[in-house]
Structure formats: C-alpha cells, structure tokens
Amino acid sequence: MRLNEIVFTDARPVDGYGPGFFRVAGEVHDGALLLWDKGKAVWGGMEDTDSLLGFVGEVDVLFVGTGAEIAHLPTELRHQLEEAGLGVEVMNSPAACRTYNVLISEGRRVALAALPV
C-alpha cells in the first residue's frame, strides 16, 4: 500500500463530529456549520438561503449534510441554488464531511453546509 501525505491549502478539514458539534482543524464548532476555503461560519439551517447563495461564483459544488440521516432539500431551496448555477450534492453529514475533506485535499473549489448529527 502506498501512503501519500495530504496537504490542505487554506481550507481546513473536518476532524470529527458528534451530537451537536463539529471539530474543524482542532476547533470545536457547536451547531450547524458552513465551511469553505476562506473560513467557517454558523449556518442557520435550510431556511438560511442567503448564506448558501453567497457561495455562487466562489465554489463549484456545495455539499449539504442533512444530519444523521439523508433527507431531501426543500424544493424551493434546491431550485434557487441550481438556478444560481451552484452544484449541490445532498448526503448525510458524516458522508458530506468525508467528501468535503477529500476534495479540499485535491484543491477543489467546494463548500460544506452541514447540520449536526
């Protein structure tokens, strides 16, 4: 097996998560999370459309973590994001965190919006 060291650019990976929190680059963040290469912020959940639309032109794909279980995005939210030209992938939060970490290690333009498990 060949092992390669992963080098993250300015983006900070999700180190862990648990009931009600995420750990990003060693720092605990309580509640829902927005994460991208320029920082992290509190996310207001599915109703916080403006925060997600702020990624238009900044990222190619937004990963939305829906908590412990996968759930559909509200139809209106999905339409707004897609009409704005933002690629959206919905999955449970653990899978969204892992996928985000892999793609930032490749230098991809991605963001994460995740509800805690």
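Let me begin with one residue, Phe55, which counts as buried at a relative accessibility of 4%. I should say at once that what you see above is a predicted model, and that I will walk through it in four steps, starting from this residue.

Phe55 has a partner, and together with Trp36 it makes an aromatic pair of the edge-to-face kind, with 5.3 Å from centre to centre and 75 degrees between the planes. The structure holds one such aromatic pair. Where do Trp36 and Phe55 lie along the chain? Trp36 belongs to strand β4, residues 33-36, whereas Phe55 sits in the loop between α1 and β6, so the pair ties together parts that are 19 residues apart in sequence. Unlike the buried Phe55, Trp36 is partly exposed, because its relative accessible area is 21% and the cut-off for buried is under 20%.

Now please turn to the strands nearer the beginning of the sequence. Strand β1, residues 14-18, runs antiparallel to β2, and four bridges join the two; within this pairing, Gly16 stands opposite Arg23 of β2. The hairpin that β1 and β2 form has two residues between the strands, and in that hairpin Gly20 takes a positive phi near 85 degrees. On to the next strand: β2 also pairs with β3, residues 27-30, again in the antiparallel sense and over four bridges, with Phe21 opposite Asp30 in β3. Here too the hairpin has two residues between its strands, and Ala25 is the residue with a positive phi, near 50 degrees.

Which side chains of β2 point to the buried face? Phe22 and Val24 point to one face and are buried, while Phe21 and Arg23 point to the other face and are not. This fits a general pattern, in that the side chains of a regular strand alternate between the two faces of the sheet.

My third step is helix α3, residues 93-105. Its 13 residues should span 18 Å at 1.5 Å a residue, and the end C-alpha atoms are indeed 18 Å apart, so the expected and the computed values agree. Many names could be listed for its buried residues, among them Cys97, Tyr100, Leu103 and Ile104, and what covers the buried residues of α3 includes β1, β2, β4, β6, β7 and β8. At the N-terminal end, Asn92 caps the helix, with a side-chain oxygen 2.9 Å from the backbone nitrogen of Ala95. After α3 comes Gly107, which has a positive phi near 80 degrees.

Finally, let us look at charge. Side chains of opposite charge can pair when their charged atoms come close, and in this structure the count comes to six salt bridges. One of them joins Lys38 to Glu58, with the closest N and O atoms 3.4 Å apart, and this pair links distant parts of the chain, 20 residues apart, since Lys38 is in the loop between β4 and β5 and Glu58 is in the loop between α1 and β6. Lys38 is exposed at 60% relative accessible area, whereas Glu58 is partly exposed at 39%.

Another salt bridge, between Glu82 and Arg78, has an N to O distance of 2.9 Å; both residues lie in helix α2, four residues apart, which is about one turn of the helix. Glu82 is partly exposed at 43%, and Arg78 is partly exposed at 27%. Glu106 and Arg108 meet in a salt bridge as well, at 3.7 Å from N to O. To close, salt bridges that share partners join Asp37, Lys38 and Glu58 into one network.

Key: Residues numbered from 1 in each chain as written. Predicted model: local features only at pLDDT ≥ 70, side-chain atom pairs only at ≥ 80, totals over all residues. Heavy atoms only, no water. Buried < 20%, exposed > 50% of the residue type's maximum accessible area, 1.4 Å probe, protein only. Pairing = 2+ DSSP bridges. Phe/Tyr/Trp six-rings, centres within 6.5 Å; stacked < 30°, edge-to-face > 60°. Expected span 1.5 Å × (residues − 1). Contact = heavy atoms within 4.5 Å. Polar contact = N/O pair within 3.5 Å; in protein donor to acceptor, adjacent residues only side chain to side chain. Salt bridge = Lys/Arg side-chain N within 4 Å of Asp/Glu carboxyl O.
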